[in-house]
Amino acid sequence: MALRRVLGLGGALGRRSYCSKPLPPDFVEALRAVVGAPNVSTATAVREQHGHDESMHDCAPPDAVVWPQAVEQVQELAALCHRCRVPMVPFGTGTGLEGGVNAVQGGVCFDLSRMDAITELRLEDFSVAVEPGVTRKALNKHLRGTGLWFPVDPGADASLCGMAATGASGTNAVRYGTMRPNVLNLRVVLPDGRLLHTAGPGRQPRKRAAGYDLTSLFVGSEGTLGFLTQATLRLHPLPEAVAVTTATFPSVRAAVACTVQVLQAAVPVARIEFLDEVMVEACSRFSKLELRAAATLLLELHGSRRGLAEQQQQAEEIVQLNGGSSLAWAKEPEERERLWAMRHSAWYAALALRPGCQGYSTDVCVPISRLPDVVVETKQDLQDSGITGPMVGHVGDGNFHCIIVFNTHDPAEAQRVHAFTERLGRRALAAGGTCTGEHGVGLGKRALLREELGQEGLDTLRSIKTALDPHNLMNPGKVL
């Protein structure tokens with residue numbers, strides 16, 4: 001408990017950080033009347049399963065879990081909760097990292113995984129509509145043979161609507177963007193059960209200047225403004241050719257400086273990932289790959305076969321200018337998949353450094369020009385603090401993570417971790433960056449959000465929240 005208080009991560013299992021009242025009499029029966037008895041559960045194990053994500057925030061279970069299977073059921077359930085003033089928490093796959101699904105005021109968890117339709121696939125318009133039960137991998141499997149794909153890849157096989165709700169990004173963001181520019185329209189059930197199409201019903205324009213940008217308002221809203229029950233997404237053509245390589249460098253600064261120069265030279269990289277020597281050694285051991293324990297960049301290029309050769313030459317020249325190793329390009333799918341599987345296992349590789357300990361991931365993002373200094377300062381801070389925190393990042397867009405692995409039963413170590421994360425967040429803000437590039441605010445970054453936006457910004461967010469959810473029923477206790 002001392003650890004949780006230090007990190008601001010909530011109370012013990014099943015204990016809520018806020019007051020909650022019991023569900024009204026006969027309320028569970030009313031839920032069953034909407035979706036059927038098999039689609040409602042109040043079992044302790046089920047509620048606890050839905051009371052946490054992949055973060056360190058303690059489990060805060062809802063009072064009931066429902067599985068709607070159609071948007072009309074979501075509307076009816078929301079209207080019922082609204083009338084009875086019962087909190088509502090959306091749930092997709094539970095792969096978030098900031099406690100976004102924790103029911104800190106109890107209420108009803110809406111598990112939307114059984115709404116899994118893929119509709120309105122328009123190949124000529126490069127768009128598709130998906131319900132919240134559709135994951136990233138499921139969509140790309142559905143798209144096989146079309147010549148199109150959805151490239152936003154946060155690593156986990158997350159719900160696409162959940163990815164929209166958190167404003168997710170990942171390894172491909174440097175070329176294809178985050179979720180925000182890749183969402184064309186959203187079908188949202190508002191807290192009182194009304195239905196909203198953020199760009200108008202059935203519309204998927206590539207650009208628009210008609211009124212306020214409601215789609216962008218709901219992307220990144222973390223379930224605090226409504227239920228995202230369908231997302232119309234922008235699709236992209238599959239590249240003709242792909243090449244992947246790793247490059248090692250004599251220092252962290254050299255690796256990150258190389259990233260900046262690659263971007264300045266307009267080399268159209270699809271992914272450019274940084275791993276420090278601690279993370280490389282951990283990933284090498286965990287994934288059983290023979291990699292040199294040094295600051296490393298993992299680069300991927302997309303393009304035509306002819307264009308790819310020119311891009312590879314440009315990348316090699318910039319790497320060598322920064323003291324990097326010679327490059328061996330992996331062009332076969334199996335080789336590429338092994339390298340990216342290694343990168344995507346970084347979380348588990350870091351945890352394996354200290355068996356029995358827990359992990360906490362930071363998520364700052366800074367302007368590219370400030371990235372080398374911020375990364376080097378952070379690396380030194382980790383060493384001076386005596387913290388195990390291998391570094392990895394989507395450095396092509398200025399976003400990097402320290403995966404901090406520490407003993408949860410050691411209050412002194414917990415205090416050092418807390419102090420470090422506060423310094424890192426403020427270091428990013430001082431550099432003109434943000435406290436969270438892709439994980440969201442959730443429960444743990446609310447204090448830093450206040451510093452980032454200032455009082456006027458925070459008051460504006462509260463006004464929007466009050467306008468759409470005056471009774472504070474949608475995912476209460478998050479963001480604000």
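This is a conversation about how some labels in a predicted model follow from their cut-offs.

Student: Let's start with H10. How do you know that its end-to-end distance agrees with a helix of 13 residues?

Tutor: Helix H10 covers residues 252-264, and at 1.5 Å a residue it should span 18 Å. Its end C-alpha atoms are 19 Å apart, which agrees with that expectation.

Student: Which residues of H10 are buried, and what do they pack against?

Tutor: The buried ones are Val252, Ala254, Ala255, Val256, Ala257, Cys258, Thr259, Val260 and Val262. Their packing partners are strands E12 (241-249), E13 (269-275) and E14 (295-303), together with helices H11 (277-287), H12 (305-321) and H15 (371-385). Just after H10, Ala266 takes a positive phi of about 60°.

Student: E14 is on that list. What makes Thr296 count as buried?

Tutor: Thr296, which lies in strand E14, has a relative accessible area of 7%. Buried means under 20%, so Thr296 qualifies at 7%.

Student: And what makes its link to Ala294 a polar contact?

Tutor: The side chain of Thr296 reaches the backbone oxygen of Ala294 at 2.7 Å, and the cut-off for such a pair is within 3.5 Å. Thr296 also touches Thr246, Ala247, Thr248, Glu273, Phe274, Leu275 and Val280, leaving out residues up to four places away in sequence.

Student: Is Leu301 buried or exposed?

Tutor: Leu301, also placed in strand E14, is buried, with a relative accessible area of 0%. Beyond its neighbours within four places in sequence, Leu301 is in contact with residues including Ala241, Val242, Ala243, Leu308 and Trp329. Leu301 and Pro239 are 62 residues apart in sequence, with C-alpha atoms 9.3 Å apart in space.

Student: On to charges. Why is the pair Glu98 and Lys445 called a salt bridge?

Tutor: The nitrogen and oxygen of this pair are 2.4 Å apart, and the definition asks for a Lys or Arg side-chain nitrogen within 4 Å of a carboxyl oxygen of Asp or Glu, so the name fits. Glu98 lies in the loop between strand E3 (88-91) and strand E4 (108-111), and Lys445 in the loop between helix H16 (411-430) and helix H17 (446-468), so the pair ties together parts that are 347 residues apart in sequence.

Student: How do you know that both partners are buried?

Tutor: Glu98 has a relative accessible area of 2% and Lys445 has 5%. The cut-off is under 20%, so both count as buried.

Student: What makes Glu131 and Arg187 a salt bridge?

Tutor: The closest N and O atoms of Glu131 and Arg187 are 3.4 Å apart, and the limit is within 4 Å. Glu131 sits in the loop between strand E6 (127-130) and helix H5 (136-142), while Arg187 is in strand E8 (residues 183-189), so the pair ties together parts that are 56 residues apart in sequence. Both Glu131 and Arg187 are buried.

Student: How are Arg426 and Glu422 placed in helix H16?

Tutor: Arg426 and Glu422 are four residues apart in H16, so they are separated by about one helical turn. Residues three or four places apart in an α-helix point the same way, because the helix has 3.6 residues a turn. The closest N and O atoms of the Arg426 and Glu422 salt bridge are 3.0 Å apart.

Student: Why are these two called partly exposed?

Tutor: Partly exposed lies between the 20% and 50% cut-offs. Arg426 has 38% relative accessibility and Glu422 has 22%, so both fall in that range.

Student: How many salt bridges does the structure hold?

Tutor: The structure holds 21 salt bridges. Arg136, Asp153, Arg271 and Glu300 are linked in a network of them.

Student: Finally, what is notable about the phi angles of Phe126 and Glu222?

Tutor: Phe126 has a positive phi of about 55° although it is not a glycine, and Glu222 likewise has a positive phi of about 55° without being a glycine. Phe126 is in the loop between strand E5 (118-122) and E6, and at 29% relative accessible area it is partly exposed. Glu222 is in the loop between helix H9 (214-218) and strand E10 (227-234); with 11%, Glu222 is buried.

Notes. Residues numbered from 1 in each chain as written. Predicted model: local features only at pLDDT ≥ 70, side-chain atom pairs only at ≥ 80, totals over all residues. Heavy atoms only, no water. Helix = DSSP H or I, 4+ residues; strand = E, 2+ residues; numbered from the N terminus. Expected span 1.5 Å × (residues − 1). Buried < 20%, exposed > 50% of the residue type's maximum accessible area, 1.4 Å probe, protein only. Contact = heavy atoms within 4.5 Å. Polar contact = N/O pair within 3.5 Å; in protein donor to acceptor, adjacent residues only side chain to side chain.
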